[in-house]
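Student: I should like to work through a protein model step by step. May we begin once it is displayed?

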Amino acid sequence: MPDIGFDAVEADVVDHDAVQRLVDCDAVFLAADTMRARLVINALCHQYLIPVWQVGTKIQVDADEGDVEDVFSVVRHLVPGQSCLWCTGLIDRTQLAEESASPQQRDAQRYIAEVPAPSVVTLNAVAAAHAVNDYLLTTVGLTASNPQAEWMRHHPLQRRLAQQRTRTDEACTECQGRLGAGPLARLPVKAAGRS
């Protein structure tokens, strides 16, 4: 097996200098909790033609009763020009705007205190394992590149796998508008020295 280069970067991916470290990568795994990180990596994927595997976990709770309604982990393979987090509705404009505000602005907008995040280590491990398998199988040519690819969701409560259809909009400025632009387009990162 060829050597794999690994460079640890302790920085926020929405910072200009941090994301510049990723433009020469062969693949990116996204395991971030923010819409801003999704926006930046989605743009990086299409702009620099880098395949991305986004992994995550969601626990849906009934707002009134507090009962757990669903638990799932996801693997979303972003293929440049073929699948887009923006087109599929997985980048929320409202949450993106809130994350882009300063800490003081966020505090002024918040109605209730944040609920501590639940422990989802095992669910994230399942998603990461599926993503690495998909990456390995794709890299060695054991899976076909399919523009109508489906993303995978693992639902442990129902003991089932589900698939989510990807989509792209021909008028999307985030995937189609950036496609292959490389350094000719500006990534949606925050300027140096800003929060």
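The following exchange takes up the model by question and answer.

Tutor: Please bear in mind that this is a predicted model. You may begin with the overall composition.

Student: How many helices and strands does the protein have, and which pattern do they follow along the sequence?

Tutor: The protein contains five helices and five strands. Read along the sequence, these elements give the pattern α-β-α-β-β-α-α-α-β-β.

Student: In what order do the strands lie in the sheet?

Tutor: Five strands make up an open sheet, and the pairing is mixed. Neighbouring strands are turned against each other by 20° on average, direction ignored. The order of the strands is S1-S2-S3-S4-S5.

Student: Which strands stand at the edges of this sheet?

Tutor: The order of the five strands runs from S1 to S5. Each edge strand has a single partner strand, so one side of each is left without a neighbour in the sheet. The strands at the edges are S1 and S5.

Student: How many bridges join S4 to S5?

Tutor: S4 and S5 run antiparallel. Two of the pairs show how they are matched: His-154 stands opposite Leu-161 in S5, and Trp-151 has Gln-164 as its bridge partner in S5. The number of bridges joining S4 to S5 is six.

Student: Which residue in the turn between S4 and S5 has a positive phi?

Tutor: S4 and S5 form a hairpin, with four residues between them. In the turn, a positive phi of about 50° belongs to Arg-159.

Student: On its other pairing, which residue in S4 stands opposite Val-75?

Tutor: Strand S3 covers residues 68-78 and strand S4 covers residues 150-155. These two strands run antiparallel and are joined by three bridges. The residue in S4 that stands opposite Val-75 is Met-152.

Student: Which strands does helix H5 touch?

Tutor: Consider helix H2 beforehand: it comprises residues 35-48, lies across S1, S2 and S3, and runs at about 160° to S1. Helix H5, residues 121-139, also packs on the sheet, and its direction makes about 155° with that of S2. The strands touched by H5 are S1, S2, S3 and S4.

Student: Is Lys-190, which forms a salt bridge with Asp-15, buried or exposed?

Tutor: The side chains of Asp-15 and Lys-190 meet at 3.5 Å, N to O. Asp-15 lies in the segment before helix H1 and Lys-190 in the segment after strand S5, so the pair ties together parts that are 175 residues apart in sequence. Asp-15 is partly exposed, with a relative accessible area of 25%. Lys-190, at 15%, falls under the 20% limit and is therefore buried.

Student: How many salt bridges does the count give, and what separates the closest N and O atoms of Arg-178 and Glu-174?

Tutor: The count comes to two salt bridges. Arg-178 forms one with Glu-174, and both of these residues are buried. The closest N and O atoms of Arg-178 and Glu-174 are 3.2 Å apart.

Student: Where is Cys-175 found, and which residues does it touch?

Tutor: Cys-175 is found in the segment after S5, and it is buried, with a relative accessible area of 0%. The C-alpha atoms of Cys-175 and Cys-45 are separated by 8.3 Å, although the two residues are 130 residues apart along the chain. Not counting residues up to four places away in sequence, Cys-175 touches His-46, Cys-84, Cys-87, Thr-168 and Asp-169.

Student: Which residues make the nonpolar surface patch of about 230 Å²?

Tutor: One member lies in strand S1, residues 28-30. This residue, Phe-29, is partly exposed, with a relative accessible area of 39%, so it passes the requirement of over 30% for a place in a patch. The patch is made by Phe-29, Val-132 and Leu-136.

Student: Finally, what percentage of the residues of the protein count as buried?

Tutor: The protein exposes about 12400 Å², of which carbon and sulfur atoms supply 51%. Among contacts with a separation of 6 or more, residues 24 or more positions apart account for 66%. Of the 195 residues, the share that counts as buried is 34%.

Methods. Residues numbered from 1 in each chain as written. Predicted model: local features only at pLDDT ≥ 70, side-chain atom pairs only at ≥ 80, totals over all residues. Heavy atoms only, no water. Patch = residues over 30% accessible without salt bridge, like charges linked within 9 Å, V, L, I, M, F, W, Y side chains within 5 Å. Areas by Shrake-Rupley, 256 points an atom, 1.4 Å probe, with all protein chains shown as cover. Salt bridge = Lys/Arg side-chain N within 4 Å of Asp/Glu carboxyl O. Buried < 20%, exposed > 50% of the residue type's maximum accessible area, 1.4 Å probe, protein only. Pairing = 2+ DSSP bridges. Axes fitted to C-alpha atoms, helices over the stretch in contact; angles between N-to-C directions. Contact = heavy atoms within 4.5 Å.
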